[in-house]
Structure formats: C-alpha cells, structure tokens
Amino acid sequence: MNLWLTMALAGLVTFLIRYSFIGTAGRFSAPAWFRRMLRFVPIAALTALIWPDMLMPAGGLFVSLHNPRLIAGLIAGLVAWRSGNIFLTIGVGMIALWALQWWL
Amino acid sequence: MSTTPSLAGATPGREFASGLVTVTPMLLGAVPFGLIYGALAVQAGISPLLAIAISSIVFAGSAQFMITKLVAASTPGLLIVLSVGVINLRHALYSAAVAEKLAHLPARWKMLLAYLLTDEAYAAAVRRLESDTNAAQRHWFLFGCGFGLWFTWQLACIAGVVLGGRIPQAWSLDFAGTLTFIAIVVPLLKDRASTASMVVAGVVAVACFALPHKLFIIVAALAGMAAGVLLERLAGKAETPA
C-alpha cells in the first residue's frame, strides 16, 4: 500500500478512536465489557513499548546493572510513583540515562 | 509544576492561556521525542514531506515512533494501520472520560478537540475538566492544552526531519518517549488488576519481540488488556457476593 494512503488511514483510525465517545455522547453507549477494558488500554499499550526499550535496547534481552536504559527507567518509574510529576520523571530519567551511559 | 488554573471570571482567552501554561511540563518530553521522531522517520526512508505531514495526520507520539520502526522493517500497510489502531485505542478511554463534559458543544468543536486529544493534552486538562467552575468555557482550556502540544510537536518534528542524522545518537533522545510513557503508566497502577495488566503486557512484549512486523506490540497490548479485565473480574467476584 502506498505510504501516503497508509498514513491517511492511520490518521483516520486515530481520529475515529478519539472521536468515538465524544461524537456519540448520549446517543450510544459502548458495551460494559468494552468500558471495563478501557482502563487497561493505556497501561497495556504503553507497556508494550516501554519494556522492550528498557530490557532489549539492542534487540536482545539485557537484564543487568550495566544496562543504562533499564536502570534509568526504573529510577524514572520510582520518581513517577513517588511524585506523580511528569516533568520530574522525564528530567530525572534523562539525566540518569546520560550519567549511566557515561559511567558504565 | 502542575498549575491550578485561575478560574475566577475566566474568559475564553484566559482559559486558553491557562491550558497553554498547564501543558508546558509535557513539552519537556514532547520536544526531544518529536526531534527523534523526525530523524528516525527520515532514516526509515519516509520522505521529509510525508514525515512532517504524519505529525499532523496521525498526531500521536507513540504511534509515530512505532510507524518509523514499522516502515524501516518494511511492514505491509494494513498491518501498520492495525498497529496504530491498537496503540491508539487507549485514546478511546480519554474520549469516554471527556465526552460528557463536551456534550453541549457543536460538532466542529467536538471534532477539533477529538483531533487534539493526546495522552499529554488529556493528562494536562483532566483536572480542569472535572471542575464545574465556569463550565461553559472549560473546553477552551482543553483547546489550549491541545493546541500548545500540537504546535510544539509540529516544530519539534520539523526540526527533527531537518536535522536528521546530525542529532548525535549518544544523546539517546528516543528515551524521552519511553520516559513519557512511564510517567503516564505508573500513576495508573492503582490495584492488582492494573499491575497485572502491566506485567503481562511487558512479559509478552519481550517474549514475542522476535515476531515479524513488530506484531509483539499488538499481541502484548491485547494480552495486557485481557489480563486486567480477567483479574478485575476475579477480584470483583471475590469481594462482592452477588
């Protein structure tokens, strides 16, 4: 498929997802199982991107104190858990990564 | 850094400005992430014009980042669309959360705000939307959050496309994306079901990483959702006798 067409479809799908409940408010309600599932969607979808980046930075499993992405990610997770502050989480995470890359 | 917007006698302009201010912390993640998206898109063989257009057409950091990897891996178009759909399905949650607050607006407002409804805009606007003070103008706040992010995102992506390979890899700017996701996911881990959802999605993603066309993303996301629903159902049965 032509890449422009692919992106047009990807954009359309994304818009329709975002418009779903906003556009149908009051006229249609999603089935109960779907509403129950929604809570887990950001967790599951984003974790599917987070874990491989932290645990497999070069494509192979790398569970070690010498893996800067794993350690920096865990530090950022701790900051996010304690502070709930996005700014702080990203800032500390990047600084930790740079420090670890330089040090390890 | 979370600014509580001043609501007294707020005009549309003030609500919009408050939204801009409130979304600012998110830009720390969005700018490096947009830069690296632009660079990766060009490296993946996407034309500069399309790479920039995608930022407006799809307008979703995680999905755009994934698209560069899928295109680099020569993934068929339909699978790219499907992967984007699964990754962005989470926006239905945000749509459901804000729908009631926007129900009174005309369709053009609903479409505009739906288009701008990203993780960051939602996270920045959710507290304002839940406050009923000056409720008639609060959509301007969401518009401010969404527009601030959109505008910055476009600039960062364009800069990334222009700079391309000149951004040193040693800076590891792509990690800013992962950190943004961590900052969004961790506060959502409130109970056993949500934690199980994360662990299952993570383990499945790593275990299925070698699947062709980056299918591990779809498989892991669906597995994580299923695990969360299942555990919640089990916990619900144990706690509340029907």
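**Burial, contacts and domains of chains A and B**

Colleague: What share of the 104 residues of chain A counts as buried, and what makes a residue buried?

Modeller: Of the 104 residues of chain A, 48% count as buried. A residue is called buried if 20 or more other C-beta atoms lie within 10 Å of its own, exposed if 12 or fewer do, and partly exposed in between, with C-beta atoms placed from the backbone. In chain B, buried residues make up 52% of the 242 residues.

Colleague: What kind of model is this, and how are its parts numbered?

Modeller: This is a predicted model, in which local features need pLDDT of at least 70 and side-chain atom pairs count only at pLDDT 80 or more, while totals for chains, interfaces and linings use all residues. Residues are numbered from 1 along each chain as its sequence is written, and chains are lettered from A and ligands numbered from 1 in the order in which they are written.

Colleague: How do you know what confidence the predictor has in chain B?

Modeller: The value to read is pLDDT, the predictor's confidence in each residue, from 0 to 100. Its mean over chain B is 90, and 94% of the residues of chain B reach 70 or more. The model as a whole scores ipTM 0.92 and pTM 0.85.

Colleague: What is the secondary structure of chain A, and why is chain A called compact or spread out?

Modeller: Chain A has five helices and zero strands (DSSP runs, numbered from the N terminus: H or I of at least four residues for a helix, E of at least two for a strand). The radius of gyration of chain A, taken over C-alpha atoms, is 19 Å, whereas the globule rule (2.2 Å times the number of residues to the power 0.38) gives 13 Å for 104 residues. The value is well over the rule, so chain A is more spread out than a compact globule. Along the principal axes, the C-alpha atoms of chain A fill a box of roughly 55 × 40 × 25 Å.

Colleague: How many helices and strands has chain B, and what does the globule rule give for its 242 residues?

Modeller: Chain B has eleven helices and zero strands. Its radius of gyration is 19 Å, close to the 18 Å given for 242 residues, so chain B is as compact as a globular protein of that length. The C-alpha trace of chain B spans about 55 × 55 × 35 Å along its principal axes.

Colleague: What makes two residues a contact, and what percentage of the contacts in chain A and in chain B join residues at least 24 apart?

Modeller: Two residues are in contact if their C-beta atoms, placed from the backbone, lie within 7 Å. Among contacts between residues at least 6 apart in sequence, 28% join residues at least 24 apart in chain A, and 76% do in chain B.

Colleague: How many residues of chain A are in contact with chain B, and which element gives the largest share?

Modeller: In total, 61 residues of chain A are in contact with 73 residues of chain B. The elements that give two or more residues to this side of chain A are helices H1 (3–24), H2 (32–38), H3 (41–55), H4 (68–83) and H5 (86–103) of chain A. The largest share, 18 residues, comes from H1(A). By class, this side of chain A divides into 40 nonpolar, 15 polar and six charged residues. Ala, Val, Leu, Ile, Met, Phe, Trp, Tyr, Cys and Pro count as nonpolar, Asp, Glu, Lys and Arg as charged, and the others, Gly among them, as polar.

Colleague: Into which domains is chain B divided, and how many residues of domain 1 are in contact with domain 2?

Modeller: The bounds, which come from an automatic or database domain assignment, divide chain B into domain 1 (12–188) and domain 2 (189–242). Their centres, taken over C-alpha atoms, are 24 Å apart. Contacts join 13 residues of domain 1 of chain B to nine residues of domain 2 of chain B. Helix H3 (61–72) and helix H4 (77–88) of chain B each supply at least two residues of that side of domain 1, and H4(B) gives the most, with five residues.

Colleague: Why is helix H9 of chain B called mostly covered?

Modeller: Eleven of the eleven residues of H9(B) (175–185) are buried. Among them are Phe175(B), Phe181(B) and Val185(B).

Colleague: What makes Leu211(B) buried, exposed or partly exposed?

Modeller: Leu211(B) has 13 other C-beta atoms within 10 Å, so it is partly exposed. Leu211(B) lies in the loop between helix H10 (192–207) and helix H11 (216–239) of chain B. Apart from neighbours within four places in sequence, Leu211(B) is in contact with Phe216(B) and Val219(B).
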